[in-house]
Amino acid sequence: MFVLELTYTAPVERVDALMREHIVWLDEQYAAGVFIASGRKNPRDGGVILAVGEDRAAIERTAATDPFAEHGVCAYRITEFIATRTAPELAPYQQPLP
């Protein structure tokens, strides 16, 4: 599992100009089963996405296709973790320790 932390690197007006494209991209990742939660940080200086996948390189490639990243208005920090415990609703995403 992965935590994708977005930090805006441009004024929020430039971010907002790309928001519609970013939401379409988010919807595509949800439909593909890659994203399971996302939202803005508070204060609004970026966002957070919770993603699932076996391959960090694939998650990095996915993040690179975000219109925010393509247009240089955010930077990504990707943290991989092993979800050994979850809420019951997220049980399908639990992982055993290696």
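**View 1. T7 and its partner across the β1–β4 pair.** In this predicted model, T7 has A75 of β4 as its bridge partner. Strand β1 covers residues 2-8 and runs antiparallel to β4. Seven bridges join the two strands.

**View 2. The open sheet and its edges.** Four strands make up the sheet, in the order β2-β3-β1-β4. The sheet is open, and its pairing is antiparallel. The edge positions belong to β2 (35-40) and β4 (74-80). Each edge strand has a single partner, so one side of each lacks a neighbour in the sheet. From one strand to the next, the twist averages 15°. In a regular strand, side chains alternate between the two faces of the sheet.

**View 3. Helix α2 packed on the sheet.** Helix α2 spans residues 19-31 and packs on the sheet. Its contacts reach β1, β2, β3 (46-51) and β4. The direction of α2 makes about 155° with that of β2.

**View 4. Helix α3 across the strands.** Residues 56-64 form helix α3. This helix lies across β1, β2, β3 and β4. Relative to β4, α3 runs at about 160°.

**View 5. The β2–β3 hairpin.** A hairpin of five residues connects β2 to β3. The two strands pair in the antiparallel sense, with five bridges between β2 and β3. Within this pair, G39 stands opposite V48 of β3.

Key
Residues numbered from 1 in each chain as written. Predicted model: local features only at pLDDT ≥ 70, side-chain atom pairs only at ≥ 80, totals over all residues. Heavy atoms only, no water. Pairing = 2+ DSSP bridges. Axes fitted to C-alpha atoms, helices over the stretch in contact; angles between N-to-C directions. Contact = heavy atoms within 4.5 Å.
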